[in-house]
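Here is a note to read with the sequence and the model open beside it. Please take the points in order, and find each residue in the structure before moving on to the next.

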Amino acid sequence: MHDTDLDIAIFGAGIAGLWTLARLRQSGYRVATFERHALGGVQSIASQGIIHGGTKYALTGKLTGSAMAIGEMPGIWRAALAGDGEIDLRDVRVLSPNQYLWTTGSLASGMAGFFAGKVMQSRMQTLARTDCPPPFDDRGFRGNLYRLEEPVLDTRSLMATFAEQVGADCRLLPAMPTFVRVDGGWRFRLPDGREIGARALVLAAGAGNADLLAALGHAQPVMQTRPLHMLMLRGDLPPLHAHCLGASANPRLTVTSYPLGDGRQVWYLGGDVAESGTQRSADAQIAAGRAELAELLPWLTLRDVEWATLPVERAEIATAGGKRPDDAYVGANDGVITCWPTKLAFAPRVARLVGEAIDALGITPSGGRYAGDGLAHPPLARLPWDGVAQWS
Ligand SMILES: Cc1cc2nc3c(=O)[nH]c(=O)nc-3n(C[C@H](O)[C@H](O)[C@H](O)COP(=O)(O)OP(=O)(O)OC[C@H]3O[C@@H](n4cnc5c(N)ncnc54)[C@H](O)[C@@H]3O)c2cc1C
């Protein structure tokens, strides 16, 4: 074996590629992750950092497939965050140990039967008026508030923790290599002519998986993207990590917040408003965001806040009708293992399924470390609000 040969070459240093890298390294595989742009990914750094346990998915009143598959994820993450799990994530900043769910006055009564259901009662706690944190401690709040046992993470600190632990095995590869199938695996040639061999490839490149599959000559699996137009506002705001429940299975609004260090917070808004606003200009989307907050948190005065938006796509395995997949996807074909986690929360599941696919290919760990081939390490990705050129 050359010192440029790997057991496994992973493409993409978002949460899927990093968790998988960490797990394969622990198992003794000679493995490296090649990243086109920045460690932290595209979707992962821009995600709301919520470690879902499925409550959001059970909002239709019954537990769907995804609510079951995802149910075990918060436990795995919590163990990791406590330093007791498969990965040591003790250094990750937890922005909030809980996530909240609120109903507005008009919705509260209609949903009463659903909230009384057994499944939901085991997943959430109804808060008495006197226990409601800001901004729900205001007399203007007429709905109900529930606490979910789902932590919210600082995605930048999550990525910084992975950079600390496995960054040495992450390498910058800005250009698409040329792939050649060889006996016992794959070789890929870099634009400068250097070649790296690997017994199997793991595609964990999010939306970049489509180009990688094309470069490999694979027509399957097929990817879908679902766009979002996220909103950000910064100013003198309380911390808030909560979904507002609408009439559908999707939250009408999901707010997460991030302290800027100068007393101000950024509120990051997703949910229906981000899903339905993909065709709107930034100005029109900001107007829609203002209107949503005025309707859902009417007592809140948003003085001196500044706004910005972020168009971003979620990349997933294609489904019938383009719906959100129920579960993480990992599939192997011709020495190529392709994955889309669907959710940040599903990263441990992706890593486990990739490990099983590698076992099924009969690849055993050969130990040792990749020397790096002189390739640089990728920089750490920036949080969406740190990259805003102009707030309005
Ligand atoms: C706005 C938003 C909010 C979300 N909120 C949540 C949430 O709160 N909770 C939750 O569980 N999930 C959430 N999700 C979903 C979650 O973020 C994604 O499912 C998950 O982060 C995908 O991780 P990934 O590693 O597959 O992809 P990514 O994070 O996109 O990483 C892919 C990486 O591959 C790299 N790449 C691309 N092409 C190549 C190539 N040719 N060679 C090498 N590298 C390449 C990219 O540069 C990138 O770094 C959210 C998603 C979005 C968009």
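1. A residue is called buried if 20 or more other C-beta atoms lie within 10 Å of its own, exposed if 12 or fewer do, and partly exposed in between. Threonine 342 has 24 C-beta neighbours inside 10 Å, and therefore counts as buried. Please keep in mind throughout that this is a predicted model.

2. Threonine 342 also deserves attention for its backbone, since its phi is positive, at about 75°, although the residue is not a glycine. Its place is in the loop between strand 18 and helix 12. Most residues other than glycine have a negative phi, and most peptide bonds are trans.

3. Aspartate 334 is another residue other than glycine with a positive phi, here near 55°, and it is found in the loop between strand 17 (329–333) and strand 18 (336–340). Is aspartate 334 buried or exposed? With 12 other C-beta atoms within 10 Å, aspartate 334 is exposed, whereas threonine 342 is buried.

4. Two peptide bonds should be checked by eye. The bond from proline 134 to proline 135 is cis, with omega near 0°, and proline 135 is found in the loop between strand 5 (124–126) and strand 6 (145–148). The bond from glutamine 220 to proline 221 is also cis, with omega near -5°, and proline 221 lies in the loop between helix 9 and strand 12.

5. Turning to the overall layout, the domain assignment divides the chain into domain 1 (5–44 + 158–224 + 320–387) and domain 2 (62–153 + 225–315). The centres of these domains, taken over C-alpha atoms, are separated by 30 Å. Their contact takes 22 residues from domain 1 and 25 residues from domain 2. On the side of domain 1 that touches domain 2, the elements that give two or more residues are helix 1, helix 8 (155–166), strand 12 and helix 12 (347–360). The largest share of that side, three residues, comes from helix 1. By class, the side of domain 1 that touches domain 2 has 11 nonpolar, six polar and five charged residues.

6. The ligand is the next thing to locate. Which residues, of the 40 around the ligand, come nearest? They are Gly12, Gly14, Gly41, Gly206 and Gly208. Two or more residues of the shell come from each of helix 1 (15–26), strand 2 (31–35), helix 2 (43–46), helix 9 (209–216), strand 12 (223–235) and strand 16 (306–317). The residues of this shell divide into 20 nonpolar, 15 polar and five charged. Because domain 1 and domain 2 both give residues to the shell around the ligand, it lies between them.

7. Strand 12 and strand 16, which both contribute to that shell, can be followed further through their pairing. They pair in the antiparallel sense over 12 bridges, and leucine 228 has valine 312, in strand 16, as its bridge partner. Strand 12 also pairs with strand 15 (residues 265–270), again in the antiparallel sense, over five bridges. In that second pairing, the bridge partner of glycine 235 is glutamine 265, in strand 15.

8. The largest nonpolar core has 105 residues, of which Ile8, Ala9, Val202, Leu203, Cys339, Val350 and Val354 touch the most other members. Domain 1 and domain 2 both give residues to this core, so it lies between them. Valine 350 is a useful place to look: not counting residues up to four places away in sequence, it touches Ala16, Trp19, Thr20, Ala328, Val330, Cys339 and Pro341.

9. Two further residues show how separation along the chain and separation in space can be compared. The C-alpha atoms of alanine 168 and alanine 376, 208 residues apart along the chain, are separated by 9.7 Å, whereas those of arginine 187 and aspartate 283, 96 residues apart along the chain, are separated by 47 Å. Alanine 168 is found in the loop between helix 8 and strand 8 (170–172), and is partly exposed, with 14 other C-beta atoms within 10 Å. Arginine 187 lies in strand 10 (residues 185–189) and is partly exposed, with 17 other C-beta atoms within 10 Å. Leaving aside neighbours within four places in sequence, arginine 187 is in contact with Val180, Val182, Glu195 and Gly197.

Definitions and conventions. Residues are numbered from 1 along each chain as its sequence is written. This is a predicted model: local features need pLDDT of at least 70, side-chain atom pairs count only at pLDDT 80 or more; totals for chains, interfaces and linings use all residues. A residue is near a molecule or strand if its C-beta atom, placed from the backbone, lies within 6 Å of it. Helices (H or I, at least four residues) and strands (E, at least two) are DSSP runs, numbered from the N terminus. Ala, Val, Leu, Ile, Met, Phe, Trp, Tyr, Cys and Pro count as nonpolar, Asp, Glu, Lys and Arg as charged, and the others, Gly among them, as polar. Domain bounds come from an automatic or database domain assignment. Two strands pair if DSSP finds at least two bridges between them. Two residues are in contact if their C-beta atoms, placed from the backbone, lie within 7 Å. A nonpolar core is a set of buried Ala, Val, Leu, Ile, Met, Phe, Trp, Tyr and Cys residues joined through C-beta atoms within 7 Å.
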